[in-house]
Amino acid sequence: MKKRKSSVVVFIIMIAIVALLGYYTFGIVKGTVAKDSDAGIKLGLDLAGGVSITYQVAGDEDPTSEEMSDTIYQLQQRVSAYSTEAEVYQVGDDRITVEIPGVSDANEILSELGSPGSLEFQTPDGEVYMTGEYVADAQATTTTNSTTGVTSYCVELTLTSEGAEIFAEYTEEYLNDYLPIYYDGECITYPEVQSVISNGVAEITGMDSYEDAEILATQIRSGALTLELEELQSEVVGAKLGSQALNTSIIAAMIGILIIIIFMLIAYRIPGLAAALALLIYAGILLSILHLYHITLTLPGIAGIILSIGMAVDANVIIFARIREEIGAGKSVDTAIKTGFKKAFSAILDGNVTTLIAAVVLYLRGTGSIRGFAITLALGIIFSMFTALVITRLLLRALYGMGCKDKKLYGEKKQREPINFLGKRFICIGISVAVIVAGFIGMGAYKAGSGNVLNFSLEFMGGTSTTVTFDTDYTIEEIDEEIVPYIEEVTGDSNVQTQKVSDSTDVIFKTRTLSLDEREELVSTLEENFGVTEDDISESQNISSTISSEMRQDAIWAVIIATICMLIYIWFRFKDIRFAGSAVIALVHDVLIVLAFYALSRTSVGTTFIACMLTLVGYSINATIVIFDRIRENMALEAGNRSPDLKRVVNNSITQTLSRSINTSLTTFIMVFMIFLLGVSSIREFTGPLMIGVVCGAYSSVFLTGSIWYMMKNRSLKKQQAQIEAAKAAKSSKKKKKAQSEKE
């Protein structure tokens, strides 16, 4: 009786938590829709707009492209203090535009952003003996030892004549000691003085890669810049994706979660009820954290939330499948619940930890939208594990204690004959290869026609920005429907970006780079169809990509390092490098399939492309872990057999986890599909490929990962068997020779 009362109390407390979180998050959602950063979630430029500041280089001298590039990188580092989603790009030859979300007063940041970086050369005692003004140049270089052949990476530092004199004095005084270099108060390198440097040319060694050397050289050059920036203009701009993008995304997410809850209730009954309540608590906690810690939410951030919701559902599906298996094996419901959570723990832990590793690396190494994605993904992983392993368990135990003890309320899963997935492995591999090859052919054809392998957007390629003053105050939706088609017809570009300037009728159109004739045709078209005069059209300016080469390098290295770290973890946990190798191949397969979709469908490749690929990496690796965990478990059961039947183990493992693979993919697909169905066109450019990625991740986990591991493992066993047979043959031959020798 006491147990029943305590169960009722726990259930009431959980319902109260759902109600309180629901009330609190309703206010957050309401504030977010109203774009009130105090009451709601802080939004990025794509969802809420912000301030746009254009600077011009002061003075009469024309800056070099390298000076402009370094200044842009410097400003990117500085504006990240305001928001990880800020954008910096070049306009014309001597102008730089900075766009910062969630800021409406440009004056508060103008003075700080316009100043050059602070580069200081210090002693171990903290004395500043030289500043960036004495640096003439810094370049990344490589050196190869003629004796050992080892390549090392370094930065060649060139000083002015006055700087050379100062440096010679201090390198002599601090010989065999350290002279650190600081950029904006942070130590960026701590080199040891190995010799007196009197010619003004020094080498900073010890970099792990050429990319690291390039980053250090850029920081030194940035700190040494003499470019002075002055404000040209500042204005508040509207959301890039339009005012309806946020509203439709929220509605789609709510509908998606509702459909998932209904699905869980139908598919899993009492456990489904526990999962539904836990999912509501998870969503409430996540939204509350985003609000309380003022985390900027953008489209890539929404991607992280979608992935984390999928993983939250996945953890519950894994647990419930285990409970059904235990009930099917004849266990009581009480025992099945305890055993189900225990057996599901390793798969949930490994899947979430590998994705969390990726999120941490992406945050530490990434920039801009990548960091926003990493933050929301990491938070989602942590709280999804908590709700699945703690909240769902408490709810399930409470419901059981309240009298829900009938096995029919939980379902049972009988052991079924394994499906012969391995028998179809060569067909599946052939299909995958054909799609990937088609993608490469599409990229080749696209390169022949446009010069690029993919349909790169403005974020990657840069383009032309034109500001137009209209007589009518159009909304972003009206601009997209009525004006943009004319611009697309003139430019032949379907990736036109629009941005509305607040408190005015000005609209900024960003297109691919336009020639002089195309600019004149654009002016003529707008005059003819919308009654604007030539005076209403500001001078068009070429703009650089918002994703700089440094940001691309940061993104690529972040993904590479994250993948390596995940695979090391898999190797460590599964004690078999073949699991890690199979995961790499499956991951590359999924990425190439989605890349093929981008190529063949001519979908625009911009910041959403990065978000899509990052989501795919996290989703794919998690699905793979579940299969591997079951293979590991079944292999342990085969440990007593001298010759384990690998084919049976793999087929049985995939069959046992098939319901999880289908249900998790279905619930994640539902979330993405609802956003695709109700979202604006720019949202569809993200969710379309993501749906392909979800399907592809499910396909590879079921049809490829197990097959790849089987082929690698089987080959290893055959090699071992051949070595054993060879050893036996050698031993037998030795015995025969010995016997023959004794006879003689």
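**A tour of one sheet and one bent helix**

Begin by selecting the four strands that form an open sheet in the order β5-β4-β8-β9, with antiparallel pairing; strands here are DSSP runs (E, at least two residues), and helices likewise (H or I, at least four), numbered from the N terminus, and two strands pair if DSSP finds at least two bridges between them. At the edges stand β5 (128-131) and β9 (186-189), each with a single partner strand, so one side of each has no neighbour in the sheet. From one strand to the next the twist averages 40°, taken between N-to-C directions of lines fitted to C-alpha atoms, on a scale from 0 to 180 degrees.

This is a predicted model, in which local features need pLDDT of at least 70 and side-chain atom pairs count only at pLDDT 80 or more, while totals for chains, interfaces and linings use all residues. Residues are numbered from 1 along each chain as its sequence is written, and side-chain values use heavy atoms, leaving out hydrogens and water.

Next, select β4 (residues 119-122), which three bridges join to the antiparallel β5; the bridge partner of Gln122 in β5 is Val128.

Then move to helix α13 (residues 476-491), which bends by about 45° at Ile483, with Pro485 following within four residues; the bend is the angle between axes fitted to the seven residues ending there and the seven starting there. Among the buried residues of α13 are Ile479, Ile483 and Ile487, where buried means under 20% relative accessible area (1.4 Å probe, protein chains only). Finally, select Gly492, just after α13, which takes a positive phi of about 65°.

Definitions and conventions
Buried means under 20% relative accessible area, exposed over 50%, partly exposed in between (1.4 Å probe, protein chains only).
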